[in-house]
Amino acid sequence: MLEAAALPETLFTVWVNLFMHQQVKSGERLLVHGGTSGIGIAALTLAKGLGIETFATVGNEEKAAVIRQLGGTPINYKTENFAEVLKQQGGVDAVLDLVGASYFQDNIDSLRQNGRLFLIGFMGGNIAENVDLLTIALKRIHITGSTMRSRTKLEKAEITQSLRNELWEKLGNGEISKPIIHQVFDFKDVAKAHIEMDKGTHIGKVMLEF
């Protein structure tokens, strides 16, 4: 039940943004920010199963090792500029971004022609300044934003059905890895769980248990 509880929000978010309508396809390259977060691990796991080459930003070697185990290429954002690294390797076709404003221009620089930027978080701010709009036009970049909470019950039901049809069997037979559980807190200790998350050192999901 604990592993099951770790699935819905991460899988819903990743599936509807990247794969439900084949926004990112086999043979393409995907950059995932926050690679060892619950969202990041879900994105990398699904992408690997769909034949998509992945890169992910991380903050230390322990997290980099996890990315390699998931079949991705880690980029340490504390010691490297991810845009420069990716440009040297030919860029990526899509970026899943939980950071927002502070990464916006580097995301644009990392994308290839007809690239796609999926904005789902704003830990680095929601107002992007000094953005080169000409680059967006010349590369024909598509930028989309998405939240799960504002969707209607009907929209969420459609995502649920799509996951059931396309993914659930693969989860059951092990084609797609189970979620990684970092730590479990008693529900009464929810404040401690938030403190643990705020450290930024967790790998996978921080869970609450009743």
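Biologist: Which residues does R29 touch, not counting those up to four places away in sequence?

Modeller: R29 touches I52, E53, F55, Q89, G90, G91, V92, D93, A94 and R112. They are called contacts because heavy atoms come within 4.5 Å. This is a predicted model, where local features need pLDDT of at least 70 and side-chain atom pairs pLDDT 80 or more, while totals for chains, interfaces and linings use all residues. Residues are numbered from 1 along each chain as its sequence is written, and side-chain values use heavy atoms, leaving out hydrogens and water.

Biologist: What makes the approach of the R29 side chain to the backbone oxygen of Q89 a polar contact?

Modeller: A polar contact is a pair of N or O atoms within 3.5 Å; within protein, one must be able to donate a hydrogen and the other to accept it, and residues adjacent in sequence count only if both atoms are side-chain atoms. A polar atom of the R29 side chain lies 2.6 Å from the backbone oxygen of Q89, so the distance fits the limit. The R29 side chain also reaches the backbone oxygen of G91, at 2.8 Å.

Biologist: How do you know whether R29 is buried or exposed?

Modeller: Buried means under 20% relative accessible area, exposed over 50%, and partly exposed in between (1.4 Å probe, protein chains only). R29 has 10% relative accessibility, so R29 counts as buried. Across the protein chain, buried residues make up 46% of the 210 residues.

Biologist: Where does R29 sit, and why is that place called a strand?

Modeller: R29 is in strand β1, residues 29–32. Strands are DSSP runs of E with at least two residues, while helices are runs of H or I with at least four, both numbered from the N terminus. The protein chain has 10 helices and 8 strands.

Biologist: Why are β1 and β4 called paired?

Modeller: Two strands pair if DSSP finds at least two bridges between them. β1 and β4 (residues 92–97) are joined by 3 bridges, so they meet that rule, and they run parallel. One residue to look at is L30, whose bridge partner in β4 is A94.

Biologist: What makes β3 and β6 the edges of the sheet?

Modeller: The open sheet has 6 strands in the order β3-β2-β1-β4-β5-β6, with parallel pairing. β3 (73–76) and β6 (142–145) each have a single partner strand, so one side of each has no neighbour in the sheet.

Biologist: How do you know that the protein chain agrees with a compact globule?

Modeller: The radius of gyration is taken over C-alpha atoms, and the globule rule is 2.2 Å times the number of residues to the power 0.38. For 210 residues a compact globule would have a value near 17 Å, and the protein chain has 17 Å, so the two agree.
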